[in-house]
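Student: I've got a model open and I'd like to learn how to read it feature by feature. Can we start with a single residue?

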Amino acid sequence: MLLFTDTQPRDSKVEQENSANKKLSQHTSINLNWLRERFNHLRIGQKISYGYALAIGIAIFGTGAGLKVGDCFRKQALIQVNVAQQQQQLLQNLQNNIFEARSHAARLPSVLGNTVWLQYEHDRFVQKINEAKSLISEIQLFAIKNPDRVAIKEKTLQSRLQRYAIVIDYYAQLTKLQLKEAEVWDLQANSIESIQLQILRNKSGEEAIVLDQLAENLTQQIAEIEVLKLQGAEALEDAEDLRNRIILGSMVISALIAMLLADKTSRAIAQPLETVTSVAQQVAHESNFNLRVPVTTADEIGVLATSFNQLIQRVSDYTQELKQTQSQLIQTEKMSSLGQMVAGIAHEINNPVNFIGGNIDHANTYIQDLADLVTLYQEYYPNPPDAIQDCIEHIELEFLREDLPKTLGSMKMGADRIREIVVSMRNFSRLDDGKMKPANIQEGIDSTLVILNHRLKQGIQVIKKYGNLPLIECSGSQLNQVFMNVIGNAIDALEEVKKADKEFSPTIWICTEVTADNAVTVKIRDNGPGIAPASATQIFDPFFTTKSIGKGTGLGLAISYQIVAQHQGKIEMDSQIGQGTEFAITLPVAASFS
């Protein structure tokens, strides 16, 4: 329990530190991404301008910072030098005054008896003592104003100065007292020598030694201040050197940044251009219009890449349209040639069929008349000669009487069927030169079913549910081509299922109706295998087919889609796997005819 209690706070602290480091890393990453994104959105001119501005700004900032920092240190060094110089000057003056006061006091015994010189030396002594006291006060005030810049601690200096003042004052009072006791101003000639000896003995005593020690202390302090002064001079030189180094460093940094920005800018310009060039060459060599130039920036290079991608897309669209137009022209030409051939064949067949159909009725009448005549002969001549009887038995006259009308009826039925096929062929291949004319699209559907009847007879049931449709403005032959493609694809799908499942009942439902928005809808549905969703999205693309190799060109539905679009209509596909496929063709009614 003690171990758990000790480690838990430590683990919690480590987790907090890791969490803080993670947040800091995420924040830094976000800032870098933001900067990179902002940089990518700049124009090339802005990148270059900002780069030069940054380099020059760093140089200017570095120079200014160097001057500022150098001036700051230089100012402090100058202040230190000036303070040391002032302090040295004050202590030097104090020392000089003490020496001069000591000198004047030492000359007093030698001028005893000479009132003028004695007065002069006395006055000079008093003057120097007063000046020393004044300098001590000035030094004390200076130490108070500059407590951090004096050679020794301010308190120590104040203590020394107070002691110096006491020593100087004591020495001055002692000297005055000696002169007063000796009555040097009214001194007799015979006592001058003894007084001189007495004054000299006093001047060389303990007081003089203390005063000499004071002078030596001042000498030491002056030496310390000289060191401080030299340090200030060195600091001044260091400040100048620091300023120069900062300025030089800022210049070097700005030059390096300028080089990096120049390299970055050149790469930002050159690399996308190389990519554009590479993609352009690849598109030109491979004709692969799915290639795109990556757009990584929003500058002129990004605009160029975007424009180039748009150009590739336009060329791809134009190429696709050209292929579709070419395919449609080929298909249209084929259908036109086929239509002309079918129309010619139908015309050539129509005349003989009409001739046959028109003469069958006459032939039936003539044959019936001959049969009646034979019957009449048999009534009046019931016992014909043996030769006639043998011929009757040989040709089976009774069978001919019964079968010949049936044969003529079959011929009549066949001629009518041929006539229907010819009519359907003429309707399907009507040569309207693509002109929009009123047409009954249900007749076009029926004609298409007649053309495909040879395939439908293989067991495919067609259930028609026609509505009451008006005539619509359309190109009949083109719409017949659409119906042919859709119904033909349904038959292909149903035949594939029929091969695999003999009990399958293939069925095609064809429904026509008028919608609420005055349009005609034709729905063609089958119960085939259906179309996979992945293929459903490409079902109207040119050259795309779900049939096996060799069974489809992939152009039927693409051309049908274009034909319906030219009629301002739409064709839609709905398919479910295993349930079948339905195509819904919606066409507007441009004009109604009764």
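Tutor: Sure, let's take Leu-370, which lies in helix α7 (residues 300–380). Helices here are DSSP runs of H or I with at least four residues, strands are runs of E with at least two, and both are numbered from the N terminus. Before we go on: this is a predicted model, where local features need pLDDT of at least 70, side-chain atom pairs count only at pLDDT 80 or more, and totals for chains, interfaces and linings use all residues. Residues are numbered from 1 along each chain as its sequence is written, and side-chain values use heavy atoms, with hydrogens and water left out.

Student: Is Leu-370 buried or exposed?

Tutor: Buried means under 20% relative accessible area, exposed over 50%, and partly exposed in between (1.4 Å probe, protein chains only). Leu-370 counts as exposed because its relative accessible area is 54%.

Student: Which helix holds Phe-73, and which residues is Phe-73 in contact with, leaving aside its neighbours within four places in sequence?

Tutor: Phe-73 sits in helix α2 (residues 44–107). Contact means heavy atoms within 4.5 Å, and beyond those neighbours within four places Phe-73 touches Ala-239 and Leu-242. The C-alpha atoms of Phe-73 and Ala-239 are separated by 5.2 Å, though the two are 166 residues apart along the chain. Phe-73 is partly exposed, because its relative accessibility is 40%.

Student: What about Ala-233: which helix is that in?

Tutor: Ala-233 belongs to helix α6 (residues 206–286). Its C-alpha atom is 6.8 Å from that of Ala-77, 156 residues away along the chain. With 32% relative accessibility, Ala-233 counts as partly exposed.

Student: Now strands. Which ones pair with β7?

Tutor: Two strands pair if DSSP finds at least two bridges between them. Strand β5 (residues 519–526) pairs with β7 in the antiparallel sense over 8 bridges, and β6 (residues 570–576) does so, also antiparallel, over 7 bridges. Try Glu-582 in β7: Glu-582 is the bridge partner of Arg-525 and also of Asp-574.

Student: How many residues of β7 are buried?

Tutor: In a regular strand, side chains alternate between the two faces of the sheet. Strand β7 (residues 580–588) is mostly covered, with 7 of its 9 residues buried.

Student: And where does the β6 and β7 hairpin have a positive phi?

Tutor: At Gly-578, with a phi near 85°, in a hairpin that has 3 residues between the strands. Gln-568, just after α14, also takes a positive phi, of about 60°.
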